[in-house]
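Biologist: Could you take me through one part of this model closely, namely the pockets and what lines them, and then add what you can about the strands?

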Amino acid sequence: MNLSVGIVGLPNVGKSTLFNALLKKQTAFVANYPFATIEPNVGVVPVPDQRLEKLAEITKTEEGMPELPPIKPATVNFVDIAGLVKGASEGAGLGNKFLSHIREVSVIAHVVRAFEDPNIIREGSVGPKEDYEAIETELILADLQSIQQAQSKVKRFAKEAEKTAIEKLYKSLNEGKRASEVVLSDEEQEYAKTFFLLSAKPEIIVLNVAESDYSEEKIKSITEQYSKILNIPADKIVVICAKIESDLSELSEEEQKQYLSELGVKESGLERLIQTAYTTLGLISFLTCGEKEVRAWTINKGLKAIDAAGVIHTDFTKKFIKAEVVSYNDFVANSGWKKSRELGKARLEGRDYVMQNGDVVEFKIGA
């Protein structure tokens with residue numbers, strides 16, 4: 001599954017610094033002036049999942065392997081999109097070119113500057129609330145243009161759902177509301193998807209704060225504060241310090257843990273961002289393990305076993321027989337497949353079984 005997160009925001013709010021920390025290397029061109037990022041940078045980032053390490057240890061012991069099997073975590077594609085400015089929907093700055101890049105991502109991570117630094121230029125930036133609203137307005141205006149174009153082309157004999165979808169979207173967008181706020185029927189929603197509206201995409205607000213504001217207590221307080229200021233649910237806000245994340249990316253895993261402990265933070269902002277992206281998109285992971293590899297597979301919540309098998313290989317859908325399933329906790333408690341089977345914790349499930357997060361699975365496939 002291609003999970004892609006587009007990092008957007010005004011220039012110089014910390015987008016490229018965040019992106020570089022995600023990649024753990026300086027692959028994006030970072031500079032202290034607007035539009036340093038001219039083409040979108042795309043990076044594949046592993047999803048932190050401690051379960052995989054435990055499964056690898058169990059597999060090594062159970063299979064009598066001399067070394068741990070390779071670990072392949074689920075991944076997220078992060079796209080670093082150049083800074084938008086007021087008027088982007090009308091071509092200001094580098095305008096529509098970057099709005100088109102946003103259309104291609106699954107979820108928007110809107111980075112908002114919530115720190116003060118006189119050495120970093122505020123290009124069009126005023127304050128967190130104003131900055132957030134400026135970008136939201138540009139996305140809505142771009143969508144309004146798309147709907148107005150659709151209005152001019154709609155045919156008299158078009159389906160009723162097509163006409164009503166356009167009417168509802170135009171009315172709400174013209175009132176300054178996001179497309180995601182518009183209530184549409186199932187048929188209207190299917191038609192609306194053909195417009196790839198920017199403001200219809202799921203959104204995460206990433207508050208980039210100062211180093212002095214980065215502790216568990218302050219993160220909680222800042223989240224609650226900006227949830228009210230921006231009128232955004234708290235679970236859609238991720239507080240990070242791009243500078244600290246950049247520093248962490250230069251350290252070993254053990255040093256990172258020690259640094260976070262000294263800061264009084266349980267997990268990095270990047271880990272919370274990835275987890276929030278997963279939750280926002282309604283994604284879960286099922287796990288497979290064996291001598292060849294231990295791997296996490298990303299699927300939509302509610303997916304059935306036969307379709308999950310197809311994520312591994314399309315042929316598995318046609319040749320699916322059964323799925324042998326053990327919950328992660330039972331698998332670990334019983335040190336692998338053998339004892340899980342002996343104790344009846346391994347279940348044979350049919351094609352319509354709904355996959356659960358953390359299921360350890362072995363698909364039975366016919367010839």
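Modeller: What follows takes the largest pocket, then the second largest pocket, and then one strand with its partners.

The model is a predicted one, and every value here is computed from it. The largest pocket holds about 1,200 Å³ of space. Its lining is made up of 41 residues, and those closest to the centre of the pocket are Pro46, Val47, Pro48, Asp49 and Glu271. Several helices and strands give two or more residues each to this lining: the helices are α1 (15-23), α2 (50-63), α8 (242-248), α9 (253-263) and α10 (269-280), and the strands are β2 (41-46) and β8 (283-289). Among these contributors, α10 gives the most to the lining of the largest pocket, with six residues. Sorted by class, the lining of the largest pocket comprises 20 nonpolar residues, 10 polar residues and 11 charged residues, so defined that Pro is counted with the nonpolar class and Asp and Glu with the charged class.

Turning to the second largest pocket, its volume is about 960 Å³. Here 34 residues form the lining, and Arg178, Ala179, Ser180, Ala200 and Lys201 are the ones that lie nearest the centre of this pocket. Three elements, α4 (128-153), α6 (186-192) and β6 (203-209), each supply at least two residues of the lining of the second largest pocket, and it is α4 that gives the most, with five residues. The class division for the lining of the second largest pocket is 16 nonpolar, seven polar and 11 charged residues.

Strand β6, which supplies lining residues to the second largest pocket, also leads to the strand I would look at next, since β5 and β6 run parallel and are joined by seven bridges. Within that pairing, Ala114 of β5 stands opposite Val209 in β6. Strand β5 also pairs with β1 (residues 4-8), again in the parallel sense, over four bridges, and in this case Val8 stands opposite His110 in β5.

As for the setting of β5 itself, this strand covers residues 107-114 and is mostly covered, with eight of its eight residues buried. Its side chains divide between two directions: Val107, Ala109, Val111 and Arg113 point one way, while Ile108, His110, Val112 and Ala114 point the other way, and all of them are buried. His110 and Ala114, the β5 residues named above in the pairings with β1 and β6, therefore both belong to the group that points the other way, and both count as buried because their relative accessible area is under 20%.

Technical notes: Residues are numbered from 1 along each chain as its sequence is written. This is a predicted model: local features need pLDDT of at least 70, side-chain atom pairs count only at pLDDT 80 or more; totals for chains, interfaces and linings use all residues. Side-chain values use heavy atoms; hydrogens and water are left out. On a 1 Å grid over the protein atoms alone, a cavity is a set of points where a 1.4 Å probe fits but cannot get out, and a pocket is an open set with protein on both sides within 12 Å along at least five of seven lines; lining residues have an atom within 4 Å of a point. Grid points are joined across faces, edges and corners, and a volume is the space filled by probe spheres set on the points. Buried means under 20% relative accessible area, exposed over 50%, partly exposed in between (1.4 Å probe, protein chains only). Two strands pair if DSSP finds at least two bridges between them.
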